[in-house]
Amino acid sequence: MLSEAQIPLVAYAAYFSEVEREIGLIISGHRLTLSYKLYFASGGDTSSATIISAPGPFEPTFETALAEFVNDPRVLPNGGYLGFGLRHQYPVSSEMRVDTLRSCLKGSDAIITRVLNRLPLPWSIRVLYRDRGSRSEQTFVLHGFISDLSQQDLVWSHWGAGEKLGPGAEFVRFIDEFGNDDENRAGDYSKYSEDVVDIIQMTEMPSVTHVHSQYLACGNEVMMGNLYGDICIVAEVPAKVLY
């Protein structure tokens with residue numbers, strides 16, 4: 001097909017470096033292979049980015065279903081969060097403020113945020129941390145930054161979310177749509193004085209974009225702690241006024 005063209009043409013294929021591919025024999029013409037990495041520029045003008053305004057095939061149905069869900073008086077009557085795991089991979093780095101990715105979302109991730117904007121529900125991009133400290137206890141924390149606890153000498157098990165991860169971190173408790181604890185994501189917050197906000201998982205987690213760090217957890221003894229983070233879209237649902 002290309003050989004029959006009347007004007008010069010360039011055919012190309014783009015794929016990830018780990019994808020298996022076959023390179024055939026070149027009979028005529030030339031082949032040029034470029035290896036590169038993509039980065040999002042920080043501090044630039046993001047208003048010039050191309051935005052796809054055409055709705056996805058399931059977008060209207062998703063918007064209707066989400067509106068009905070949020071308006072149900074049984075769902076988060078005291079307010080809380082809806083969590084959406086990201087389905088695409090994005091470049092992240094240590095100490096990064098992850099909400100800078102909001103202008104870079106693509107595919108189904110971008111569709112979710114468009115629907116949230118129309119409802120409207122305030123949303124941000126946060127890191128959902130699953131913190132496994134000393135022994136078998138675990139807690140879930142939302143934070144706006146990627147934290148690397150491996151850089152700290154010791155992390156005490158009684159530290160709260162803010163002490164451990166920095167200002168703006170908050171404990172969250174996973175529940176189902178009826179307010180019952182999510183048994184698959186049970187957390188123990190009994191020894192902390194900080195408030196715990198309810199969150200409902202709306203799409204699959206862990207996210208495609210995630211982080212992990214290890215640290216020395218100090219309680220009755222020193223053990224290795226693990227901090228797992230999933231970058232996700234978090235929508236804020238206000239408390240309902242019940243009459």
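Where does V98 lie? In this predicted model, V98 sits in the loop between β1 and α2. The residue is buried, and its relative accessible area is 0%. Apart from neighbours within four places in sequence, V98 contacts I125, R126, V127, G144, I146 and I231. One of these partners, V127, is 29 residues away along the chain. The C-alpha atoms of V98 and V127 are nevertheless 7.3 Å apart.

The overall layout comes next. The protein has three helices and eight strands. Along the sequence, these elements follow the order α-β-α-β-β-β-α-β-β-β-β. The protein contains 243 residues, of which 37% are buried. Contacts between residues at least 6 apart in sequence were also examined, and 69% of them join residues at least 24 apart.

Helices α1 and α2 form a pair. Helix α1 covers residues 59-71, and helix α2 covers residues 107-118. Their axes come within 10 Å and cross at roughly 50°. Angles from 65 to 115 degrees would count as roughly perpendicular, and those under 35 degrees as roughly parallel. The crossing angle therefore makes α1 oblique to α2. The crossing is right-handed. From α1, the contact involves E59, F62, E63 and L66. From α2, it involves I111, I112, R114, V115, L116 and R118. By class, six of the contact residues are nonpolar and four are charged, with no polar residue.

Residue R114 of this contact also has a spatial neighbour ahead of α1. P55 lies in the segment before α1. P55 and R114 are 59 residues apart in sequence, yet their C-alpha atoms are 9.0 Å apart. P55 is exposed, with a relative accessible area of 55%.

L116, another residue of the helix contact, belongs to the largest nonpolar core. That core holds 49 residues, and L82 and L116 touch the most other members. Strand β8, residues 222-237, contributes the most to the core, with seven residues. Leaving out residues up to four places away in sequence, L116 touches L66, F84, L121, W123, I233 and A235. Of these, L66 is on the α1 side of the helix contact.

Several backbone features stand out. Most residues other than glycine have a negative phi, and most peptide bonds are trans. The bond joining L119 and P120 is cis, with omega about -10°. P120 lies in the loop between α2 and β2, the latter spanning residues 123-132. Two residues other than glycine, L76 and E95, have a positive phi. For L76, phi is near 45°. For E95, phi is about 70°. L76 is in the loop between α1 and β1, where β1 spans residues 80-85. E95 is in the loop between β1 and α2, the loop that also holds V98.

Are L76 and E95 buried or exposed? L76 has a relative accessible area of 2%, so it is buried. E95 has a relative accessible area of 52%, so it is exposed. The cut-offs behind these labels are under 20% for buried and over 50% for exposed. V98, at 0%, is buried, whereas E95 is exposed.

Strand β3 supplies a further buried position. H143 lies in this strand, which spans residues 138-143. At 2% relative accessibility, H143 is buried. Which residues is H143 in contact with, leaving aside its neighbours within four places in sequence? They are R126, V127, Y129, L165, G166, P167, G168 and A169. R126 and V127 are also contacts of V98.

A last loop position is Y192. This residue is found between β5 (170-174) and β6 (196-201). With a relative accessibility of 11%, Y192 counts as buried. Y192 and F171 are 21 residues apart in sequence. Their C-alpha atoms are 9.5 Å apart in space.

Definitions and conventions: Residues are numbered from 1 along each chain as its sequence is written. This is a predicted model: local features need pLDDT of at least 70, side-chain atom pairs count only at pLDDT 80 or more; totals for chains, interfaces and linings use all residues. Side-chain values use heavy atoms; hydrogens and water are left out. Axes are lines fitted to C-alpha atoms, for helices over the stretch in contact, and angles run from 0 to 180 degrees between N-to-C directions. Helices (H or I, at least four residues) and strands (E, at least two) are DSSP runs, numbered from the N terminus. Angles under 35 degrees count as roughly parallel, over 145 as roughly antiparallel, 65 to 115 as roughly perpendicular and the rest as oblique. A crossing is left-handed if the near helix is turned anticlockwise from the far one by less than a right angle, and right-handed if clockwise. Contact means heavy atoms within 4.5 Å. Ala, Val, Leu, Ile, Met, Phe, Trp, Tyr, Cys and Pro count as nonpolar, Asp, Glu, Lys and Arg as charged, and the others, Gly among them, as polar. Buried means under 20% relative accessible area, exposed over 50%, partly exposed in between (1.4 Å probe, protein chains only). A nonpolar core is a set of buried Ala, Val, Leu, Ile, Met, Phe, Trp, Tyr and Cys residues joined through side-chain atoms within 4.5 Å.
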